[in-house]
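Hi,

Here's the structure I promised to pass on. Have a look at it first, and my notes on what turned up are underneath.

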Amino acid sequence: MCTVTCSKLSPCSPLYIALSNQQPSKGHNLRYHRLNRRRRLSKGKRVALVLVKKEMEIKNLKLYMENKSIKEENEKLRKKAFLLHQENQALLYQLQKKRSNPRHDHLAHGNN
């Protein structure tokens, strides 16, 4: 059998036998199946998959750019709405001020 000069993981050691009887992990099986799938795919199918992947990347980039421009336009409209709100508040304040002092307004027009 095994001589004294055998290393710990030599084929004759009990540790080697125990480790060799273990089943591969699920991650290993998954990698193995993916590799086999790649090998099974014909070259035409692989090229088609690459083309689909490229088309998806291009579509994703276009959607990203469209989303970015929509966000920029939204920000511009938000600023414009804020300025219009401020202007509306100022005009409303002026109107309320005129209504509260009708004699003062009447006198100002009478002096002209």
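Before the layout, one bit of vocabulary: helices here are DSSP runs of at least four residues, strands are runs of at least two, and both are numbered from the N terminus. With that in hand, the chain reads α-α-α-α from the N terminus on, so the count is 4 helices and 0 strands.

Keep in mind that this is a predicted model. The mean pLDDT of the chain is 79, with 61% of its residues at 70 or more. Confidence is highest in helix α3, at a mean of 94, and lowest in helix α4 (residues 102-110), at 59. Where pLDDT is low, the predicted coordinates shouldn't be read in detail.

On to the surface. The chain has 112 residues, and 4% of them count as buried. Its accessible surface comes to about 11,300 Å², and carbon and sulfur atoms account for 59% of that.

Helix α3 covers residues 43-100, and Glu75 and Arg78 both sit in it. These two form a salt bridge, with 3.9 Å between the closest N and O atoms, and the structure holds 1 such bridge. They are 3 residues apart, about one turn of the helix. Is Glu75 buried or exposed? Neither quite fits: Glu75 is partly exposed, because its relative accessible area of 38% falls between the 20% and 50% cut-offs.

There's also a nonpolar patch on the surface, made by Leu61, Tyr64 and Met65, with about 340 Å² of accessible area together. Met65 is found in helix α3 too. Its relative accessible area is 46%, so Met65 is partly exposed as well.

That's what I have for now. Shout if anything is unclear.

Cheers

Technical notes
Residues are numbered from 1 along each chain as its sequence is written. This is a predicted model: local features need pLDDT of at least 70, side-chain atom pairs count only at pLDDT 80 or more; totals for chains, interfaces and linings use all residues. Side-chain values use heavy atoms; hydrogens and water are left out. A salt bridge is a side-chain nitrogen of Lys or Arg within 4 Å of a carboxyl oxygen of Asp or Glu. Buried means under 20% relative accessible area, exposed over 50%, partly exposed in between (1.4 Å probe, protein chains only). Accessible areas come from the Shrake-Rupley method with a 1.4 Å probe; for residues, only the protein chains shown count as cover. Patches are made of residues with over 30% relative accessible area and no salt bridge: like charges are joined within 9 Å, nonpolar side chains (Val, Leu, Ile, Met, Phe, Trp, Tyr) within 5 Å. pLDDT is the predictor's confidence in each residue, from 0 to 100.
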